[in-house]
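Colleague: I am new to this structure and would be grateful for a guided reading of it. May I put some questions to you in turn?

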Amino acid sequence: MRVMLVGDVIGRPGRRAFREYVQKLRKEKSVDVVIVNGENSASGKGLTRTSLDELYSGGADIVTTGNHVWDKKDVLEFIDSEPFLIRPANYPEGAPGKGYCLYPFKAKTIGVMNLSGRSFMPALDCPFQKVDELLKEMSGQCDIIFLDFHAETTSEKMAMGWYLDGKVNGVVGTHTHIQTADARILPQGTAYITDLGMVGPWNSVLGVKTDKIIYKFTTGLPVRFEVEDQGPQVFSAVIVEIDDKTNKTMGIEPILITE
Ligand SMILES: [Fe+2]
Ligand SMILES: [Fe+2]
């Protein structure tokens, strides 16, 4: 089985690129299942009914999120009823939505977890303690497990990768919108990349119009971010190969397409 994990999709241009390249890669690289981070899919911040539906119709099977999950209030209306939309599991007890899901594919069940880091991020519960709880809860219920660890620092993400080495099939980082060049299989067999990168405007700062960000840095004044709606897109992902007999991870291939 080949599972593709795709980085944060940015607004309308990102959703267009997501659809185009997922459809292409499903054919060319025999991708079976697609997991994507949708936290920026609605005009760069949050998710709406429309942006989520476009991810699904564009080829997403499971949608993960991160710190921007609550930015569009719409999400509160559907997050509890979407079986394959998840948010970081380490939000306080009682928060809407759920932190993992079980996705059936052929005769297998794929467990997908979502957690947020705590370094330079909102103050949430400990992701390391939480992941232990989740693994206990999920044990016996799934054959294959992935984690989208939505975090700012490379160190926190690497620590999580090593913490889970041999316990899950893959740990991928999201949130920084820049793909790191360290996709690898860790010694105990877990596929790992510090950050998947994004699907969105290539001539931008993390998806936002460059002049807005330059203005912010050069003046110190607050600005309203706008998604760059012109120019080429970047598509960032990894494809993880799983052995169908043993459920072991066989390989990880980074994908970085720039138009
Ligand atoms: Fe993001
Ligand atoms: Fe984020």
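Modeller: Certainly. Two strands are said to pair if DSSP finds at least two bridges between them. Please also bear in mind that this is a predicted model.

Colleague: Let us begin with the hairpin of E12 and E13: which residue there takes a positive phi?

Modeller: Strand E12 covers residues 233-242 and strand E13 residues 249-258, and the two pair in the antiparallel sense over nine bridges. Six residues lie between the strands of this hairpin. The residue with a positive phi, near 65°, is Asn247.

Colleague: What is the bridge partner of Glu241 in E13?

Modeller: Strand E12 spans residues 233-242, and E13, with which E12 pairs, spans residues 249-258. In E13, the residue that is the bridge partner of Glu241 is Gly251.

Colleague: Glu241 also has a part in a network of salt bridges; which residues are linked in it?

Modeller: Side chains of opposite charge can pair when their charged atoms come close. The network of salt bridges that includes Glu241 links it with Arg2, Lys29 and Glu253.

Colleague: How many salt bridges does the count come to?

Modeller: A pair is counted when a side-chain nitrogen of Lys or Arg is within 4 Å of a carboxyl oxygen of Asp or Glu. By this rule, the number of salt bridges comes to 14.

Colleague: How many residues apart in sequence are the parts that Arg16 and Glu259 tie together?

Modeller: Arg16 and Glu259 form a salt bridge, with their closest N and O atoms 3.2 Å apart. Arg16 belongs to helix H1 (residues 11-28) and Glu259 to the segment after E13, so the pair ties together parts whose separation in sequence, in residues, is 243.

Colleague: Is Glu259 buried or partly exposed?

Modeller: Its salt-bridge partner, Arg16, has a relative accessible area of 38% and is partly exposed. For Glu259 the relative accessibility is 39%, so this residue counts as partly exposed.

Colleague: Where does Asp61 lie, given that Asp61 links distant parts of the chain together with Arg26?

Modeller: Arg26 and Asp61 form a salt bridge in which the closest N and O atoms are 2.9 Å apart. Arg26 is in helix H1, and the two residues are 35 residues apart. Asp61 is found in the loop between helix H2 (49-57) and strand E4 (62-64).

Colleague: Of that pair, is Asp61 buried or partly exposed?

Modeller: Arg26, with a relative accessible area of 25%, is partly exposed. The limit for a buried residue is under 20%. Asp61 has a relative accessible area of 14%, and therefore Asp61 is buried.

Colleague: Which helix holds both Asp53 and Arg49?

Modeller: Asp53 and Arg49 form a salt bridge, their closest N and O atoms being 2.8 Å apart. Four residues separate them, about one turn of the helix in which both lie, namely H2.

Colleague: Turning to the open sheet, which are its edge strands?

Modeller: The sheet has six strands with mixed pairing, in the order E5-E6-E7-E8-E10-E9. An edge strand here pairs on one side only, and the two that do so are E5 and E9.

Colleague: What is the bridge partner of Val112 in E7?

Modeller: Strand E6 (residues 108-116) and strand E7 (residues 144-150) pair in the parallel sense over seven bridges. In E7, the bridge partner of Val112 is Phe146.

Colleague: What is the distance between the side chain of Asn90 and the backbone oxygen of Asp125?

Modeller: Asn90 is placed in the loop between helix H3 (75-78) and strand E5 (100-105), and at 0% relative accessibility it counts as buried. Its contacts beyond four places in sequence include Leu115, Leu124 and Asp125. From a polar atom of the Asn90 side chain to the backbone oxygen of Asp125 the distance is 3.0 Å.

Colleague: How far apart in space are Gly7 and Met198, C-alpha to C-alpha?

Modeller: Gly7 is in the loop between strand E1 (2-6) and strand E2 (8-9), and at 0% relative accessibility it counts as buried. Among its contacts beyond four places in sequence are Val36, Gly197 and Met198. Although 191 residues separate Gly7 and Met198 in sequence, their C-alpha distance is 4.5 Å.

Colleague: Finally, what accessible area does the nonpolar patch of Ile178, Val205 and Leu206 have?

Modeller: Leu206 is in the loop between strand E11 (198-201) and helix H6 (210-219), and at 40% relative accessibility it counts as partly exposed. Together, the three residues of this surface patch have an accessible area of about 240 Å².

Definitions and conventions: Residues are numbered from 1 along each chain as its sequence is written. Chains are lettered from A and ligands numbered from 1 in the order in which they are written. This is a predicted model: local features need pLDDT of at least 70, side-chain atom pairs count only at pLDDT 80 or more; totals for chains, interfaces and linings use all residues. Side-chain values use heavy atoms; hydrogens and water are left out. Buried means under 20% relative accessible area, exposed over 50%, partly exposed in between (1.4 Å probe, protein chains only). A polar contact is a pair of N or O atoms within 3.5 Å; within protein, one must be able to donate a hydrogen and the other to accept it, and residues adjacent in sequence count only if both atoms are side-chain atoms. Contact means heavy atoms within 4.5 Å. Patches are made of residues with over 30% relative accessible area and no salt bridge: like charges are joined within 9 Å, nonpolar side chains (Val, Leu, Ile, Met, Phe, Trp, Tyr) within 5 Å. Accessible areas come from the Shrake-Rupley method with a 1.4 Å probe; for residues, only the protein chains shown count as cover.
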